[in-house]
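Q: I would like a close look at one part of this model, beginning with a single side chain and working outward to the surroundings. Please take the answer step by step.

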Amino acid sequence: MSSHSYYNTGRDGLVVVQGTPVIASGHGVYKPPPQSGKEYSNGEYQPQKTGHGDYQSQQENIHVSHGQRQQKRCNDVLFAVLFYAHLGVMVWTTARYAPTMMSDAAEAAQDAYQNRMLDEGGDGGENNGEIEFDMAALWLILGVSATAGLSLSILLLSVMMSFAETLIKIALLFNVVTPLLMAILALLTGAIPVSLLCFMLFAFTCYYAFKVWNRIPFAAANMRTAVSAVRANLGLAFFAFNSLFLSFFWTLWWAIATTSTIYVTSGCSAEGCESEPSGPLVFGLLLSYFWTVQVIKNVCHTTVCGTVGTWWYNPEEASSCCSKAVCDSFFRSVTYSFGSICMGSLLVALIQTIKEMAHQAREQGDSALLCCAECILSCIESLVEYFNKWAYVYVALYNYSFIEAGKGVIGLFKERGWTAIISDLLIDGVLGMVSFAVGAITGVIAALAVAASGLSLAGAEGPSAFLVGFMMGALFASTLLGIVGSAVNTVIVCYAEAPNEFQQNHPQLSEEMRASWRAAWPNDFTY
């Protein structure tokens, strides 16, 4: 296909690319208008006279919303300072309160051991019905599960490239069939209200599948592009798994700090606690946990977005496992963009903390009002997280502050008329389905490995090994495929911002993307 067909020529030689006018110069040679000088003023395109006529009267209200790379500066510094300060507070509380709790716990354990020895007549006695646990079996399962889960996840990246449309269709049909099976099961067991709800859900999913079926080629092209970027920079997997281990380490640290702080401040001992923990203290500790988890996750997300952006614009810098783009993107995420990441993460963490407080209060009082409040907070949390996901793409690509990034994303999709596109979550279904499949296969491999070794795990070798293997495999797969999810967000923004660069740097993927998107939304695209 000729590169000239990538553009549409309007009257008087004006060319529209992604809804943006450019000037046709010569015959069949198109040059975009300069992005500096008189042609652009505050983001508004001001067409100039050329040999093809005066376009001022025809295009006087055209607005262009392209992101501009900002100078290297640290944005939203206050929130980065607050985040580091809160980590300092957690270090202080751990150092002050943990030794006291550990000392009391050691004394209580020693007393319990001495009492047990006295009751058993001075010797350890027999097993007394305790389950034998073979650590060798556990390490075998963990090793096999980690190896199998990671290998299968990487292998399935190639499968997702080759069978993108098929996987999306399977995931969509699975979402349709599941409520139908649940409705039939509920009907057979006599749960008529549940059956009616499941039938209603089945009808809705059928309607949804019918409406989005023609968009599957678009989602498939999107996924193939994202997977291509990830495979070209597979070193991103290191940062994804690093964020997983950091989250695990932070959870352990937070649990020790929280337990010891509440233990000491509430006057607890082996006999009990003198008082209940204060509400503000619990709120602060919960906020600390959720905020840090969000920051760790969003640093990884922003790193992926920045790397995919470099792959889009300058593929020569992002074409190896440990490419310069991966390292540079991570550096920007933990320096220049870190304050913006902390700011957006704090918004979500506040909502999560309030929701958790409402949940705890509802468990104590079982109030319908608290139940409604928890439901509303869950919806708000999902919306804010969804907004943040797109805002961090702009943070990664252009080094915007968090508020500037949010405005840029909203303006971009409003002007391009792509509000419906970002609601297409077909790819999420595929990622979830693939993660589940990897978990199931890994569970079977782990169970077979334990059976072949003859080791015992808690007296139930097969089921226990399968369960541990399933969780490990699903966790590894979801971590790796989470990179693909971040890459998908970046691809959507970059294609709206710079389709020409995509055509120049990745022509085959560009042709697939353009054809599928134009087929799905023929009225929204004029190129």
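Is phenylalanine 238 buried or exposed, and what is its relative accessible area? Starting from there, which helices each supply at least two residues of the lining of the largest pocket?

A: The model is predicted, and everything below should be read with that in mind. Phenylalanine 238 is classed as exposed because its relative accessible area is 56%, which is over the 50% cut-off. The residue belongs to helix H6, and its C-alpha lies 9.9 Å from that of cysteine 300, although 62 residues separate phenylalanine 238 and cysteine 300 in sequence.

Helix H6 (236-265) also leads to the largest pocket, since at least two residues of the pocket lining come from each of H6, H5 (216-232), H7 (279-313), H10 (368-398), H12 and H13. The space in this pocket amounts to about 1000 Å³, and among the 41 residues that line it, those closest to its centre are Lys297, His301, Lys389, Gly482 and Ser486. Helix H13 makes the greatest contribution to the lining, with 10 residues. By class, the lining of the largest pocket consists of 22 nonpolar, 14 polar and 5 charged residues.

Helix H13 has a part in the packing of the interior as well. The largest nonpolar core comprises 105 residues, with Met160 and Val484 having the most contacts inside it, and H13 (residues 461-497) provides the largest share of this core, 17 residues. Leaving aside residues up to four places away in sequence, valine 484 touches Leu157, Met160, Ala226, Val227, Val230 and Leu431. Apart from this core there is a second, separate one of 5 residues, which includes Val348, Ile351, Ala358 and Val384. As a general point, nonpolar side chains in soluble globular proteins tend to be buried together.

Helix H12, another contributor to the pocket lining, covers residues 426-453 and has 28 residues; the distance from its first C-alpha to its last is 41 Å, close to the 40 Å expected at 1.5 Å a residue. Just after H12 comes glycine 454, with a positive phi of about 80 degrees.

Helices H7 and H10, which supply residues to the pocket, also take part in an enclosed space, because H7, H8 (324-334) and H10 each give at least two residues to the lining of the largest cavity. The structure has 1 cavity of 30 Å³ or more, and the volume of the largest cavity is about 40 Å³. Its lining is made up of Arg69, Thr302, Gly306, Ser329, Arg332, Ser333, Ser337, Val395, Ala396 and Asn399, of which H8 supplies the largest share, 3 residues. These lining residues fall into 2 nonpolar, 6 polar and 2 charged.

One residue of that cavity lining, asparagine 399, deserves a separate comment. Asparagine 399 sits in the loop between H10 and helix H11 (402-416) and counts as buried because its relative accessible area, 3%, is under the 20% cut-off. Its phi is near 60 degrees, a positive value in a residue other than glycine, whereas most residues other than glycine have a negative phi. Aspartate 76 likewise has a positive phi, of about 50 degrees, without being a glycine, and aspartate 76 is found in the loop between strand E6 (44-45) and helix H1 (77-119).

Note on methods
Residues numbered from 1 in each chain as written. Predicted model: local features only at pLDDT ≥ 70, side-chain atom pairs only at ≥ 80, totals over all residues. Heavy atoms only, no water. Helix = DSSP H or I, 4+ residues; strand = E, 2+ residues; numbered from the N terminus. Expected span 1.5 Å × (residues − 1). Core = buried A, V, L, I, M, F, W, Y, C linked by side-chain atoms within 4.5 Å. Buried < 20%, exposed > 50% of the residue type's maximum accessible area, 1.4 Å probe, protein only. Contact = heavy atoms within 4.5 Å. 1 Å grid on protein atoms, 1.4 Å probe; cavity = no way out; pocket = protein on both sides within 12 Å on 5 of 7 lines; lining within 4 Å. Points joined across faces, edges and corners; volume = space filled by probe spheres on them. Nonpolar A, V, L, I, M, F, W, Y, C, P; charged D, E, K, R; others polar.
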